[in-house]
Amino acid sequence: MKFLKKYWGYVVALVVVYGWFSGSLGPNVLVVLSAVAFLYSLFQAPVWCCAETRNQEFCRNNASGILMGCWIREHRWQKLKWFVRRSMWGRLFKRLFSGFHGVAASFSAVGTLVSASAAVITLIIKT
Ligand SMILES: [Zn+2]
């Protein structure tokens, strides 16, 4: 159960994928599930912090979600600043992609965002 507690968002993301391919879930359900899994990737998925430490390396403390830093408050601010400055996104993603969890969380974030948008469009077209 500990595993589920930590990775439940990915389970939701898998349900979303299944929903799209099987056609068994309505677009309104898919919107909700995609949004939940998207927020999970941003704020709860286990990833490395990836902020820059004093000796030019990146921080490998555990963080919750790709938007959040670790327990060091400076790191959280640093990451927030990075997200505002788009020129820093490449750097951040390169670091996130050097760890398995970062890759999983990034793909999940992008995938569920696309899925949520597609589901919203489906809803608009249908009504
Ligand atoms: Zn950190």
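In this predicted model, a zinc ion is held by three cysteine sulfurs and one histidine nitrogen, namely the SG atoms of C49, C59 and C70 together with ND1 of H75, at distances of 1.9 to 2.4 Å. The angles among these four donor atoms run from 106 to 114°, and the site is accordingly classed as tetrahedral. For comparison, the ideal angle at a metal with four tetrahedral donors is 109.5 degrees. Along the chain, the donors of the zinc ion are spaced as C-x9-C-x10-C-x4-H.

That spacing can be followed onto the secondary structure, where C59 sits in the loop that joins strand 1 (46–48) to strand 2 (62–64), while C70 sits in the loop that leads from strand 2 to helix 3 (73–84), so the pair ties together parts that lie 11 residues apart in sequence. Both of these cysteines, C59 and C70, are buried.

The histidine donor, H75, belongs to helix 3. With a relative accessible area of 7%, H75 counts as buried, because the cut-off for that class is under 20%. Leaving aside residues up to four places away in sequence, H75 is in contact with C49, A51, E52, T53, C59 and C70, and the cysteines in that list, C49, C59 and C70, also coordinate the zinc ion.

Helix 3, which carries H75, also packs against helix 4 (residues 89–96), with an angle of about 125° and with the two axes 8 Å apart. Because an angle of this kind falls outside the ranges for parallel, perpendicular and antiparallel packing, helix 3 is described as oblique to helix 4. On the helix 3 side the contact is made by K79, W82 and F83, and on the helix 4 side by W89, L92 and R95. Sorted by character, the residues of this contact comprise four that are nonpolar and two that are charged, with no polar residue among them.

Stepping back to the whole chain, the protein contains five helices and two strands, and their order along the sequence is α-α-β-β-α-α-α. The C-alpha trace spans about 55 × 35 × 20 Å along its principal axes. Of the 127 residues, 37% count as buried, and the zinc donors C59 and C70 are buried as well. Among contacts between residues with a separation of 6 or more, 51% involve residues that are 24 or more positions apart.

Key
Residues are numbered from 1 along each chain as its sequence is written. This is a predicted model: local features need pLDDT of at least 70, side-chain atom pairs count only at pLDDT 80 or more; totals for chains, interfaces and linings use all residues. Side-chain values use heavy atoms; hydrogens and water are left out. Donors are N, O and S atoms within 2.8 Å of the metal (3.2 Å for Na, K and Ca); water is not among the atoms, so sites may look incomplete. Four donors count as tetrahedral if all angles lie between 85 and 135 degrees; four count as square planar and six as octahedral if opposite donors are over 155 degrees apart and all others between 65 and 115; anything else is irregular. Helices (H or I, at least four residues) and strands (E, at least two) are DSSP runs, numbered from the N terminus. Buried means under 20% relative accessible area, exposed over 50%, partly exposed in between (1.4 Å probe, protein chains only). Axes are lines fitted to C-alpha atoms, for helices over the stretch in contact, and angles run from 0 to 180 degrees between N-to-C directions. Angles under 35 degrees count as roughly parallel, over 145 as roughly antiparallel, 65 to 115 as roughly perpendicular and the rest as oblique. Contact means heavy atoms within 4.5 Å. Ala, Val, Leu, Ile, Met, Phe, Trp, Tyr, Cys and Pro count as nonpolar, Asp, Glu, Lys and Arg as charged, and the others, Gly among them, as polar.
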